[in-house]
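Biologist: Please take one part of this chain and go through it closely, with its partners and surroundings. Then place it in the chain as a whole.

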Amino acid sequence: MTPQPLHPARSRPRRGRFLLVTLAAVLALSATVSLGRWQLSRAAQKEALQAEIEAQKQKAPLVQAEFLALEAPAGELHRPVRLRGLWLTPQTVYLDNRQMHGVPGFYVLTPFALEGSDQAVMIQRGWVQRNFNDRTQLGAVETPSGIVEVTGLIEPPPGHLFELGKPAAAASAPESAGSSPIRQNLDLEAFRAETKLPLRTDVSLQQVGPASEGLQRDWPAPALGLEKHYGYAFQWFGLSALVVILYVWFQIISPYRRSRRRARDERSL
């Protein structure tokens, strides 16, 4: 028995559904591939920024006169600098909930009065482990007296951590004079107003070198989020592959198998 061709009126809706699904698949594939490529481009930008940071660290250290003459020190971020001055020990601050090698502790920050100038700069001196039995008991940190020389990297002001239950506006408000040296965050503008020090607020220094004075200095690298971008790109390209697989299966393979089965059934009649 000769199989009858499909009636044009019945084949037209199938053709319309095929074109509609094809258009939706093309749009979905275009969107997911574009988003994946965008994430890869963001990762490339972050890698270039990381390479720039490493190049800055390899430059010759600025001397104190060059640092003081900088009109925009933020343009020299991550570059080494060598300064001479005096530690202002009474104004030392301990930033809580900072980790090093996965261990909680404090970042120790002390203002540094620059020799031969009326400026002071905040120096992130290093990390000290907290006392797990008594949070208020601070580890022993040695602070040399007299004029000393410090080598560090020009960095942004200390980063802020989220303070649970504290509004953002209050987080940057000046703390009262004589408050605890242990703080969650430190706003340099507020600290300058609190201490009346001629403190620079545009940058800070991150002291480098081996562990000394009771402090460790294995500073974590800046969190640029490279892994996040690569992870998102993988997800988008994975969705692209899924769209292709589903389209090929439901629009090509499955109809072909149905037609083969229908033809076989009709030949057996």
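Modeller: Of the 269 residues in the chain, 32% count as buried. The model is a predicted one. The chain holds 5 helices and 7 strands, and from the N terminus on these run α-α-β-β-β-β-β-α-β-α-β-α. Among contacts between residues at least 6 apart in sequence, 67% join residues at least 24 apart.

The part I have chosen is strand S2, residues 93-100. S2 is mostly covered, with 6 of its 8 residues buried. As a general point, side chains in a regular strand alternate between the two faces of the sheet.

S2 pairs with strand S3, residues 103-114, in the antiparallel sense, and 6 bridges join the two. In this pairing Val93 stands opposite Leu109 of S3. The two strands form a hairpin with 2 residues between them. One residue of the turn, His101, has a positive phi of about 55°.

S2 also pairs with strand S6, residues 182-183, this time in the parallel sense and over 2 bridges. Here Tyr94 of S2 has Ile182 of S6 as its bridge partner.

From the side of S3, Tyr107 gives a view of what surrounds the strand. Leaving aside neighbours within four places in sequence, Tyr107 is in contact with Val93, Tyr94, Leu95, Arg98, Gln99 and Met100, as well as Gly126, Trp127, Trp219 and Pro220. Tyr107 also belongs to the largest nonpolar core, which has 15 residues. Leu95, Tyr107, Leu109, Met122, Leu186, Phe191 and Leu199 are the members that touch the most other members. S2, S3, S4 and helix H4 (188-195) each supply at least two residues of this core. Apart from it lies another core, of 14 residues, including Phe67, Trp87, Val121 and Leu205. In soluble globular proteins, nonpolar side chains tend to be buried together.

Three further sites help to place the strand in the chain. Asn131 sits in the loop between strand S4 (120-129) and strand S5 (147-155). The C-alpha atoms of Asn131 and Pro104 are separated by 9.5 Å, with their positions 27 residues apart along the chain. Asn131 has a relative accessibility of 24%, so it counts as partly exposed.

Gln64 belongs to helix H2, residues 64-69. With a relative accessible area of 13%, below the 20% limit for buried residues, Gln64 is buried because its value falls under that limit. Beyond neighbours within four places in sequence, Gln64 is in contact with Arg82, Leu83, Arg84, Leu114 and Glu115.

Val244 is found in helix H5, residues 226-268. Its relative accessible area is 38%, so Val244 is partly exposed. Val244 is one of the residues of a nonpolar surface patch, together with Leu239, Leu242, Leu246, Val248, Trp249, Phe250, Ile252 and Ile253. Together the residues of the patch have about 740 Å² of accessible area. For the chain, the accessible surface comes to about 16,400 Å², and 59% of that belongs to carbon and sulfur atoms.

To return to the chosen part: S2 is a mostly covered strand, joined to S3 by 6 antiparallel bridges and paired with S6 over 2 parallel ones.

Technical notes
Residues numbered from 1 in each chain as written. Predicted model: local features only at pLDDT ≥ 70, side-chain atom pairs only at ≥ 80, totals over all residues. Heavy atoms only, no water. Patch = residues over 30% accessible without salt bridge, like charges linked within 9 Å, V, L, I, M, F, W, Y side chains within 5 Å. Areas by Shrake-Rupley, 256 points an atom, 1.4 Å probe, with all protein chains shown as cover. Salt bridge = Lys/Arg side-chain N within 4 Å of Asp/Glu carboxyl O. Helix = DSSP H or I, 4+ residues; strand = E, 2+ residues; numbered from the N terminus. Buried < 20%, exposed > 50% of the residue type's maximum accessible area, 1.4 Å probe, protein only. Contact = heavy atoms within 4.5 Å. Pairing = 2+ DSSP bridges. Core = buried A, V, L, I, M, F, W, Y, C linked by side-chain atoms within 4.5 Å.
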